[in-house]
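Student: Please take one part of this model and go through it closely, residue by residue where that helps. Then place that part in its surroundings.

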Amino acid sequence: MSDRFLEAAIMGAIEAYCHGDGFQTEIETIGPIWGHRRISGDEHIIFLERLAVSLSADRQTDSVTPKAEATDLMAEVMERLAPELTLLGDFHSHPYKDRATVERIKGFEFSPGDFNAFLHDDDLWDRNPAGPVMLVVTICRLNRVHDTDGKQLRFNVWQFDLGEFRFWINVCVGYLDEQGQRQHTGNKRSNVWLDLNSRFFNQRRSRRDLGRGDGFHADPHLDGEPYGEGRSPLWTALGLRPHRGQ
Ligand SMILES: [Zn+2]
């Protein structure tokens, strides 16, 4: 994920939360994502470069619906402005009154409606035969400013604070199964590794000796830690540090 992407996602979610559309506050927002994808074996490395907030979307407190024509227009404009980028998918936000609500109903997860809309978005699947990307930014106001670092709650979910707001970012990637049916990586047990730490170039689990040309090594002392489960995510969304222990 580029810094610009993260900033724009936070800005979009926080403005929609605090000021809404000028009539109601704490509403959702939505917009397309552009970036790059590189496929290496069965690993997809996806870099989220930019997003745009869709101003004409119908934005409510518990739903958001983009205008298809507006998405087409933004796609065409970006083809001229930045033809090297691919329209990878979209992001939207989940605004909640407080942390207790988010935690009680797991508000940072994608809803069944989110997955349904994602699987039926023919335009996105046409543009991304290898599978589009969906990202949700959840936001709530905290009672006080906490002194916290970002936390990776799961492979595909990060949590962090900004001032008195708490954010969660969850990401999901589509793929075609053996029958050619559209599937997605879901909320839990996701094979997506969401990387917000791409500035730290040595991962705990893998060590690379630069210049020796022999790639990544699993560190036997750290194997299984900290995320365990011995699974190697197939999709590295947002960032760059493929988790290649085994
Ligand atoms: Zn949603």
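Tutor: Two strands count as paired if DSSP finds at least two bridges between them, and strands themselves are DSSP runs of E of at least two residues, numbered from the N terminus. With that settled, the part to look at is the hairpin of S1 and S2, in which two residues lie between the strands. The model is a predicted one.

The setting comes first. The protein chain holds five helices and 14 strands, and 35% of its 246 residues count as buried. Among contacts in the chain with a separation of 6 or more, 64% are between residues 24 or more positions apart.

Strand S1 covers residues 30-40 and strand S2 covers residues 43-51; eight bridges hold the two together in the antiparallel sense. At the turn, Gly-41 has a positive phi near 65°. Two pairs of residues fix the register: Arg-37 has Ile-46 of S2 as its bridge partner, and Trp-34 stands opposite Arg-50 of S2. S1 also pairs with strand S5 (residues 86-96), again antiparallel, through six bridges. On that side, Gly-35 is bridged to Thr-86. S1 therefore has S2 and S5 as paired strands, each joined to it by at least the two bridges that pairing requires. In a regular strand the side chains alternate between the two faces of the sheet.

Trp-34 deserves a separate look. This residue lies in strand S1 and counts as buried, because 23 C-beta neighbours fall inside 10 Å and the cut-off is 20 or more. Setting aside neighbours within four places in sequence, the contacts of Trp-34 include Glu-49 and Arg-50, and also Thr-86, Leu-87 and Leu-88. Met-78, Ala-82 and Leu-85 are in contact with Trp-34 as well. The C-alpha atom of Trp-34 is separated by 9.2 Å from that of Ala-75, although their positions lie 41 residues apart along the chain.

Met-78 brings in helix H2, which spans residues 68-81. At 1.5 Å a residue, the 14 residues of H2 should span 20 Å, and its end C-alpha atoms are 20 Å apart, so the two values agree. One of the 14 residues of H2 is buried, so the helix lies largely in the open.

After S2 the chain enters a loop that leads to strand S3 (58-59), and Ser-56 has its place there. Ser-56 is exposed, because 11 other C-beta atoms lie within 10 Å and the limit is 12 or fewer. Apart from neighbours within four places in sequence, Ser-56 is in contact with Lys-67 and Ala-70. The C-alpha atoms of Ser-56 and Glu-69 are 9.8 Å apart, with 13 residues separating the two along the chain.

Next comes the interior that the hairpin helps to build. The largest nonpolar core has 43 residues, and Ile-33, Val-133, Leu-135, Val-137, Ile-169 and Leu-194 touch the most other members. S1, S2 and S5 are among the elements that give two or more residues to this core, as are helix H1 (3-18), S6, S8, S9 and S11. S6 makes the greatest contribution, with seven residues. In soluble globular proteins, nonpolar side chains tend to be buried together.

H1 meets the hairpin from its own buried side. Phe-5, Ala-9, Gly-12, Ala-13, Ile-14, Ala-16 and Tyr-17 are buried in this helix, and the buried residues of H1 pack against S1 and S2, together with S3, S5, S6 and S9. The 16 residues of H1 should span 22 Å at 1.5 Å a residue, and the end C-alpha atoms are 22 Å apart, in agreement. Gly-20 follows H1 and has a positive phi near 55°.

Notes
Residues numbered from 1 in each chain as written. Predicted model: local features only at pLDDT ≥ 70, side-chain atom pairs only at ≥ 80, totals over all residues. Helix = DSSP H or I, 4+ residues; strand = E, 2+ residues; numbered from the N terminus. Contact = placed C-beta atoms within 7 Å. Expected span 1.5 Å × (residues − 1). Core = buried A, V, L, I, M, F, W, Y, C linked by C-beta atoms within 7 Å.
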